[in-house]
Amino acid sequence: MEKEGSYIKRAKDLEVYRRAYAVSLEVHRATLVFPKIEQYALADQMRRSSKAICTNLAEGFAKQTHSRPEFARFISMALGSCSEMETWISYAFDLGYITQRQRDEWLQAYAHIYGMLVNLRERLK
């Protein structure tokens, strides 16, 4: 895997990682104002799932030097977390914790990240 003009040395150099990280920061900040009853439930799940995309990419990327299939497995886990986020976003919207605009932006961002993850996994084959 190469970046224009240089070798990608860390997961954080991947565009999909950078996008997922940026959205996870938005999710983290937004969920901090959810009602107290949701801080250890929905808000916590959203924070964990959004961050899991990045952490799975980081762990899998580090293991690819030993096993490309192992990296593909971690990308698959990131895909699962991405899908999970789409569900949590729907809950947050339906419960009135986020606006329709926020829901639409996040759903679009995670759909794009999902597609990037699929493409990355395919390139490993």
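**A guided look at a four-helix chain**

Guide: Welcome! The accessible surface of this chain comes to about 7,400 Å², and 52% of that belongs to carbon and sulfur atoms. Such areas come from the Shrake-Rupley method with a 1.4 Å probe, and for residues only the protein chains shown count as cover. The model is a predicted one, in which local features need pLDDT of at least 70 and side-chain atom pairs count only at pLDDT 80 or more, while totals for chains, interfaces and linings use all residues. Residues are numbered from 1 along each chain as its sequence is written, and side-chain values use heavy atoms, with hydrogens and water left out.

Visitor: What pattern does the chain follow along the sequence?

Guide: Reading along, you meet β-β-α-α-α-α, that is, four helices and two strands. Helices (H or I, at least four residues) and strands (E, at least two) are DSSP runs, numbered from the N terminus.

Visitor: Why is the chain called as compact as a globular protein of its length?

Guide: The globule rule is 2.2 Å times the number of residues to the power 0.38, and the radius of gyration is taken over C-alpha atoms. For 125 residues the rule gives 14 Å, and the chain has 15 Å, which is close, so the description is fair. The C-alpha atoms fill a box of roughly 45 × 25 × 20 Å along the principal axes.

Visitor: How do you know that the span of helix H3 agrees with its number of residues?

Guide: The expected span of a helix is 1.5 Å times one less than its number of residues. H3 has 27 residues (68-94) and should span 39 Å; its end C-alpha atoms are 40 Å apart, so the two agree. Helix H4, with 24 residues, reaches 35 Å from its first C-alpha to its last, close to the expected 34 Å.

Visitor: Why is Ser49 called buried?

Guide: Buried means under 20% relative accessible area, exposed means over 50%, and partly exposed lies in between (1.4 Å probe, protein chains only). Ser49 has 3% relative accessibility, so it counts as buried. Ser49 sits in helix H2. Across the whole chain, buried residues make up 38% of the 125 residues.

Visitor: And why is Arg29 called exposed?

Guide: Its relative accessible area is 56%, so Arg29 falls on the exposed side of the cut-off. Arg29 is in helix H1. Arg29 and Ala43 are 14 residues apart in sequence, and their C-alpha atoms are 10 Å apart in space.

Visitor: What about Tyr97: why is it called partly exposed?

Guide: Its relative accessible area is 25%, so Tyr97 belongs to the middle class. You will find Tyr97 in the loop between H3 and H4.

Visitor: Which residues is Tyr97 in contact with, leaving aside its neighbours within four places in sequence?

Guide: Contact means heavy atoms within 4.5 Å. Tyr97 has such contacts with Phe34, Pro35, Glu38, Leu42 and Ala92. Glu38 is 59 residues away in sequence, yet its C-alpha is 9.8 Å from that of Tyr97.

Visitor: What makes the pair Tyr97 and Glu38 a polar contact?

Guide: A polar contact is a pair of N or O atoms within 3.5 Å; within protein, one must be able to donate a hydrogen and the other to accept it, and residues adjacent in sequence count only if both atoms are side-chain atoms. The side chains of Tyr97 and Glu38 make one at 3.1 Å. Another polar contact, of 3.4 Å, joins the side chains of Ser49 and Trp88.

Visitor: What caps the N-terminal end of H3?

Guide: Ser67 does, with a side-chain oxygen 3.1 Å from the backbone nitrogen of Glu70. Just after H3, Gly96 takes a positive phi of about 85°.

Visitor: What do the buried residues of H3 pack against?

Guide: They pack against helices H1 (15-31), H2 (42-63) and H4 (100-123). Among these buried residues are Phe71, Phe74, Ile75 and Met85. In H4, the buried residues include Trp106, Tyr110 and Leu117, and H1, H2 and H3 are among what covers the buried residues of H4.

Visitor: How many residues are in the largest nonpolar core?

Guide: A nonpolar core is a set of buried Ala, Val, Leu, Ile, Met, Phe, Trp, Tyr and Cys residues joined through side-chain atoms within 4.5 Å. The largest has 33 residues, and Met46, Ile53, Leu57, Tyr110, Ile113 and Leu117 have the most contacts inside it. H1, H2, H3 and H4 each supply at least two residues of this core, and H3 gives the most, with nine. Not counting residues up to four places away in sequence, Leu57 touches Phe71, Ile75 and Leu117, among others.
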